[in-house]
Structure formats: C-alpha cells, structure tokens
Amino acid sequence: MSELAHAPRAERPRWLLELIAAWGFAQRNFFLTKRYFLWEVVWLAYATVSAMSIGFIGVDVDRGGVDGARLTTFLLIGSILWGYLSMIFDLLSETVSWERWEGTIEYTFMSPASRATQLLGTSIYAIAYGVARTALIFGIVSLFFDMDLSNANYFSALVILVLCSISLVGLGMVAAVMPLLSPEKGQQVSSIFTAVLLLVSGVYYSVSVLPGWMQAIAKFSPITYALEGMRAALLDGATLNETWPSIWPLLIMGAILVPGGLLIFRAGERYAKRTGLLKRSG
Amino acid sequence: MPLTTIGPRALEIRGVEKSFKKRRQEPVRALRGIDLTIDKGEVVGILGPNGSGKSTLVRVISTLITPDAGTVDVFGIDALHHPKTVQKMMNRVSVEASFFKKLSARENLLYGSKLYGLTSAEASPRITEILEGIGFRMKRAGEPMENLSRGMQQKIALARALLTSPMLLLLDEPTTGLDPRSKKDVQAVIWDIRRRHDASILLCTHDMGEAEELCDRIGIMVDGELIAIDTADGLKRKYQSGPELPTLEDVFMAATGTTLEEASMEEEEKELVTA
C-alpha cells in the first residue's frame, strides 16, 4: 500500500471533476436500480396496470357512442406522461431524504462535488430511466388498446417531452430542499405537492372542468402545458408552431425553475450547515 | 512524531464557537473557543465523553457545520470561505460507516472515488489494491454492504477514505461499538495508515488505550471545551501528584473531576432532559 501515499492526486480542471462526479451520481443510481431490480419490476407492473385501468375507461365509454379511441388515447397520454413526470419529480425531490435514510448524507455533502452536480447527475439518470421505463409501458399498453395516433406529430411530442423534463427537474430541485430544511416533515410536504399537481394539471380530464381557483393554480404547473402540448401533438398532429402556447410557458418555467431550484437548494444547504441539520438521523 | 512543520499546518483552528438553538430552549454551546493545530504527518487524538462536542468539531472541520465564530484553516486554506478546495484534501470516517447498504463494497468505493474526481479506470485497480491491503477477501467485493460485519464495514470506510489520498484524515470514533477483535483489526489499519501514509490525522475516541497508542498528542474535551492538549507523557507529567506517572484515566479524572464513563452518562442525561 505504500505507493498509495504518493498516488497522483486528481489534478484536473474543475469542470472535468464535476463531470466525473455527475457520472458518479448517475452510475450510483443505476447500481441502486440493479440492486432493487425486483422492486423495479413491481413498480413497472403497477404503472402499466394503472395506465391500462385508465385506458379501459375509454373503451367502456366507446360503447356509448363517444369516440372511444380518441378518449382512450387522451387518457393513456395523461396516465403515461404523468407516470414519467412524477417519477422525475420524485427522484429529484427524494435526493436528500434518500441519502439521509441510507446514512450517506454527510459523506456526500462533505465531498468536493457541488450540489448542482449532484442534482445534474440525479436528473440525467432520472430522465434516462424514465424514458426507458415509459417506452416500455407505452409498448405494453399499445398491445391492448387501439390508440388513435394516426395524425401524431412525433417531433413536436419529443420537443414537448424535453422541455417538460427540464421544467420538472427544476421543480424537483425546489422540492428537494424541503427534506433538507425539515428532516421529519420535508418529504411529506413534497408528497402533498405531488398530489396537488395530479389534481390540477389535467392528467385525466381537461383543466377546463376544474373550478376557477383550481384552474388558476393549474397555470403554474408545467405538467398542465406538457399534457396540453403532448395531446395536441399526438392526437391532432400539431406542429411546433401550433403547440407554441404550450411551449413558451414550459420554456419560461424551465428557465426560472432550474436556476431558481439550484439557488434555493444552495440557500437551504447554507441554512442546514448553520443549524446543524446535515445529519443522518436528522 | 510530526514529520515536518515547514509550510502551513495541516489544520489550524482558532476560537471556534458553535451553539445550537432548540425550539423554546436556551441555545446549547457545543463548541467553546476551540484552538487546535495539527502539524503535517501528526496524529492528534481528542478524548471526550459522548456529547462533549467531538463530532461537532469534526463536522465543522469537514465543512458540514458553519461555526458561529472562529477560523478553520486546512493546509493554510480558509475552509469557511473555500470549502471546495479543502474538501479535496480531506476525508472522514465516522462512527457509523456511511454506505449505500444494498450496494457492494466495490460499487460504494467507485461512487466515493468519483465524488473526488477519479474515473472508474483509475479507481478500480486502487480499490483492489487497498481492499487487499486491509485483508478484505476480494470474492466478497460484490456482496451488499449489509451482509458484511460492522468491523469490516469500518475497514472499508477507511479504504474509501484512503482511495482519495487525503492529506487530512478525520476519524470520528471509528472503533466505537465494535467487538474487541474488529476493534483491533480497525486499529491495525489506522496504525498502518499512520506508518505508511503521509496523511495528518485527527482521531476522536473514547478509548484511552487507542489514543495513547496511535496519537502523537492527545486533547481532552469536555462540554465543548478543549481543556488540555499535550503528548500522553506531557499530560501525565502535568497531572502527576505522586512519585509515579498517572495513567491516562487518572489524567482525565484529574482534569475533569470525573471518569470518562461518568462524564458520558452525565452528557447523555443532559441530552435527554433537553430533547
């Protein structure tokens, strides 16, 4: 072991060190997914069955003379996209509580890797994992339902997917600060936030059916615009120009939420260091 | 003994204060005007009961807690204003090995090394070398950490710290709660680090024998205050009252008016009252 004392230290530019660390966070989450593989199968099955149970509502309505294929597609887009976006939000918002639960929070926070890098690495994995899982669910569900995708504009759908992923990453960063500030109650607050997003964003119905005050809240949810844009692209073949009413709010939200989330997280970290909250037990 | 005093010290702490406020309670002063230095290559032990402020001190040095007052310099760099720079130079092993329990030793070490800017290609051969060096059977390197004994987990925590070639190593009660054999194994690894590596070490412990065996100087900490610091012999001479040199236990008793065990119990009772 003696030569280790003289092992060359990683004298690399800061950006490269941060890039290696970001890959470290993404790789760690991949390792965790492998280790919890059976649970991953369970969650995949649950999400698939959940999407299918929603899809059958559309099939049922079809018997009543309504355009069932369109309604089924409308519902499945909502269910599958919600599964993807809520998973990104959950993975980001659980960044701190997961580390606290495992007991690694102090080790991670005293390392030279920045919090932006940690959140970036977590986001990269969340998006890659989310896309793979969603594609799988979409593939399975499409075997069971006649989805109306004859007019779909997949390029517009892809742009919407990228933009809403970025917005949700930002929103997840904001939520991730909660368990940092309150080890006991932070994650519960994030869960309530998820529930509100599900209620107001028009996942299974049009936002227009909501009471006025809920519609007002829906305007601040990136998922509202993601669903409107995605449905317009996949059901009606809307071009980028036509989905602009959904794209510009997502662009603005992404531009505000990502740097805003980082700033809020850094402020939360400073507060936690001042008050001694960066402990494994809380 | 310290290898060298040329250039800045490995650690220089001046007047560090830290209080914690609990809701509707008086602030608790966890650190009271701590002054502490560690020279390059020196091993300094801090002896103190539970709740005396040892872990808070380690957290302050490792940039996890911001002190209310005072300065912390690591190799001449202000840790409070340049935390990222000093974080690269140090690593820490705490009382509980902090690992992802479902991940294997190798996966945890790969993750840890990337946080410090080492690629998998650079880290992998060093992981094998270090794990073999601490007597870890490589066929277990793929097993989840939760399957390994606590003693083995602590040895892997030391290996993880070594992997990043730290210039300052913070050991916060690394042998507390281990069975006697595991304790000896972990102490042997620490002894090996001290013998073979040029890292400076701060070792917080309850164990007088461990402090005397491994440390160049020993500090005694009670109620957030560092009340004495010297070599083991220096402390014994300072508190000598008869013809024979006292033991370190006697020194602790003379300096604090209580035994380490009694002091730990008192601190735990205080914590229960204020909780």
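This passage goes through the overall build of chain B, one of its strands, and a single residue of chain A. The model is a predicted one.

Starting with the overall picture, chain B is built from ten helices and ten strands. Its radius of gyration comes out at 19 Å, close to the 19 Å that the globule rule gives for 275 residues, so chain B is as compact as a globular protein of that length. Along the principal axes, the C-alpha atoms of the chain take up a box of roughly 55 × 45 × 45 Å. Of the 275 residues in chain B, 53% are buried. Contacts tell us something about how the chain is put together: if we take those between residues at least 6 apart in sequence, 68% link residues at least 24 apart.

Turning to the surface, about 11600 Å² of chain B is exposed, and 51% of that area is supplied by carbon and sulfur atoms. As for charge, the chain carries 37 positive side chains and 41 negative ones. The centres of these two sets sit 7 Å apart.

Inside chain B, strand β7 (residues 168-172) is worth a look. Five of its five residues are buried, so β7(B) is largely enclosed by the rest of the structure. The cover is there on both faces of the strand. One side presents B:Leu168, B:Leu170 and B:Asp172, while B:Leu169 and B:Leu171 point to the other, and all of these are buried.

The strand also has a partner in β6(B) and another in β8(B). With strand β6 (residues 90-93) of chain B, β7(B) pairs in the parallel sense, over four bridges. Here B:Leu169 of β7(B) has B:Asn91 standing opposite. With strand β8 (residues 200-205) of chain B, the pairing is again parallel, and five bridges join the two strands. In this case B:Leu171 has B:Leu203 in β8(B) as its bridge partner. B:Leu169 and B:Leu171, which share one side of β7(B), thus appear in these two pairings, B:Leu169 opposite B:Asn91 and B:Leu171 with B:Leu203.

Over in chain A, A:Thr117 belongs to helix α6 (residues 115-144). With a relative accessibility of 6%, A:Thr117 counts as buried, because the cut-off for that label is under 20%. Leaving aside residues up to four places away in sequence, A:Thr117 touches A:Glu18, A:Ala21, A:Ala22 and A:Phe25.

Technical notes
Residues are numbered from 1 along each chain as its sequence is written. Chains are lettered from A and ligands numbered from 1 in the order in which they are written. This is a predicted model: local features need pLDDT of at least 70, side-chain atom pairs count only at pLDDT 80 or more; totals for chains, interfaces and linings use all residues. Side-chain values use heavy atoms; hydrogens and water are left out. The radius of gyration is taken over C-alpha atoms; the globule rule is 2.2 Å times the number of residues to the power 0.38. Buried means under 20% relative accessible area, exposed over 50%, partly exposed in between (1.4 Å probe, protein chains only). Contact means heavy atoms within 4.5 Å. Accessible areas come from the Shrake-Rupley method with a 1.4 Å probe; for residues, only the protein chains shown count as cover. Lys and Arg count as positive and Asp and Glu as negative; His and the chain ends are not counted. The place of a charge is taken as NZ of Lys, CZ of Arg, CG of Asp or CD of Glu. Two strands pair if DSSP finds at least two bridges between them.
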